Amino acid sequence: MDFGLFLPQPSDVDELEKLTTFVEAADERGFRTVWIGEHVVLFDVDQLESTYPYSEDGKSPFPAEMSWMGPFELLSFLAGRTSRVRLGTGIVLLPQRNPLYTAKSVTTLDFVSGGRADFGVGVGWMAEEYEALGVPFKGRGRRADEYIQLIRTLWTEETASFSGETYELKPAKQRPYPVQDPHPPIFIGGESDAALRRVARLGDGWFGWGLSAEQAGERLERLRPMLAENDRELDDVNLVVGSAQEENDLEELKRCAELGFDQYVLRAPLDGTAEQGVAELDRYAETFLAALAG
């Protein structure tokens, strides 16, 4: 099982430099992927009506003042400072984005990184963010399905066209193509049945977040028959899981490896200085990578 790192968002130049030093160290130590999430605007937590799915009380952990850089811009910057680690969106909120611009952003990241882009997508949970963007929250699942199909078409067809319920594209071309053949892998984020069905139909991978090993295993058992309905198996999907727990438990990681997960995403330890973060990264490497090597 490989290991990934979920990165915090830098809020100033010093934090960006600390993050860059950390990612360079992760690149050197053989971590598989660094993942970055997305929000374009935030609101005062007490004013939100939307329920955050990864906390017991449903309250968002993201204060309105929290910094969020554009994921593709930040990952493209990190691409120039690394050579091996993969660069993943974990996740972008696909239905609230323009699919043509999104396809272009992924292609550009794949191009400048030499084929290291992982495209993680989800439908999101914050209705207020959709409203601010002028995009309907209702029907976002159907829109995500069609956008994924449209983006694949742009990446793989000589001339792309699309006709769906939520988007129309007359015959057009988008160049360059991605470096990866046939295209960067598309990871579907989410733990609901709707998300798992999307994995079964359209995903190259599944990105499950905030799950214990027991919960992750239960989701796999739900995913298995959904894949079978689409003439696929678990081995056809790149399985990625991350825990929302602050502390990483080696036994939990071992159990996820036994379940067949391909990658476990650890929280990047960047609460202190860059040096402290790199030291903790070395501990991760010694504790987790060594224990699960092979």
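**Group meeting: aromatic pairs, parallel strands and salt bridges in a predicted model**

Good morning. In this structure the count of aromatic pairs comes to 14. One of them brings together Phe207 and Trp209: their ring centres are 6.3 Å apart and their planes stand at 40°, so this pair is classed as tilted. Both Phe207 and Trp209 are buried. Please bear in mind throughout that we are discussing a predicted model.

Which residues make up the aromatic cluster around this pair? Phe6, Trp35 and Phe187 join Phe207 and Trp209 in one aromatic cluster. A further ring deserves mention for its contact with a charge: the charged end of Arg140 sits over the ring of Phe137, at 3.7 Å from the ring centre.

Phe187 leads us to the strands. It belongs to strand 7, residues 186-189, where Ile186 and Ile188 point one way while Phe187 and Gly189 point the other way. In a regular strand, side chains alternate between the two faces of the sheet. Are these four residues of strand 7 buried or exposed? All of them are buried.

Strand 7 has partners that we can name. Strand 4, residues 117-122, pairs with strand 7 in the parallel sense over three bridges, and Phe119 has Ile186 as its bridge partner. Strand 8, residues 205-209, also pairs with strand 7 in the parallel sense, again over three bridges. Here Phe187 is matched with Gly205.

Let me turn to strand 10, residues 263-267, which is mostly covered, with four of its five residues buried. Strand 1, residues 2-6, runs parallel to strand 10 and is joined to it by five bridges; Leu5 has Leu266 as its bridge partner. Strand 9, residues 238-242, is likewise parallel to strand 10, with three bridges between them, and Val240 stands opposite Gln263.

I now come to the charged residues. Side chains of opposite charge can pair when their charged atoms come close. How many salt bridges does a search of the whole structure find? The search finds 22.

I have selected three. First, Glu38 and Arg97 form a salt bridge in which the closest N and O atoms are 2.8 Å apart. This pair links distant parts of the chain, 59 residues apart: Glu38 is in the loop between strand 2 and helix 2, and Arg97 in the loop between strand 3 and helix 3. Glu38 has a relative accessibility of 12% and therefore counts as buried, the cut-off being under 20%.

Next, Glu146 and Arg142 meet with their closest N and O atoms 3.2 Å apart. Both lie in helix 5, residues 140-156, four residues apart, which is about one turn of the helix. Glu146 counts as buried because its relative accessibility is 2%, whereas Arg142, at 39%, counts as partly exposed. There is also a network: Asp193, Glu218, Arg219 and Arg222 are joined by salt bridges that share partners.

The last of my three is the salt bridge between Arg29 and Glu28, at 3.5 Å from N to O. Arg29 is partly exposed at 27%, while Glu28 is exposed at 58%.

Finally, the surface. Val40, Val41 and Leu133 form a nonpolar patch there, with about 220 Å² of accessible area together. Val40 is placed in the loop between strand 2 (33-36) and helix 2 (71-79), and with 49% relative accessibility it counts as partly exposed. Glu258, in helix 8, is exposed, with a relative accessible area of 60%.

Thank you for your attention.

How values were computed:
Residues numbered from 1 in each chain as written. Predicted model: local features only at pLDDT ≥ 70, side-chain atom pairs only at ≥ 80, totals over all residues. Heavy atoms only, no water. Patch = residues over 30% accessible without salt bridge, like charges linked within 9 Å, V, L, I, M, F, W, Y side chains within 5 Å. Areas by Shrake-Rupley, 256 points an atom, 1.4 Å probe, with all protein chains shown as cover. Salt bridge = Lys/Arg side-chain N within 4 Å of Asp/Glu carboxyl O. Helix = DSSP H or I, 4+ residues; strand = E, 2+ residues; numbered from the N terminus. Buried < 20%, exposed > 50% of the residue type's maximum accessible area, 1.4 Å probe, protein only. Pairing = 2+ DSSP bridges. Phe/Tyr/Trp six-rings, centres within 6.5 Å; stacked < 30°, edge-to-face > 60°. Lys NZ or Arg CZ within 6 Å of the ring centre and 35° of its normal.
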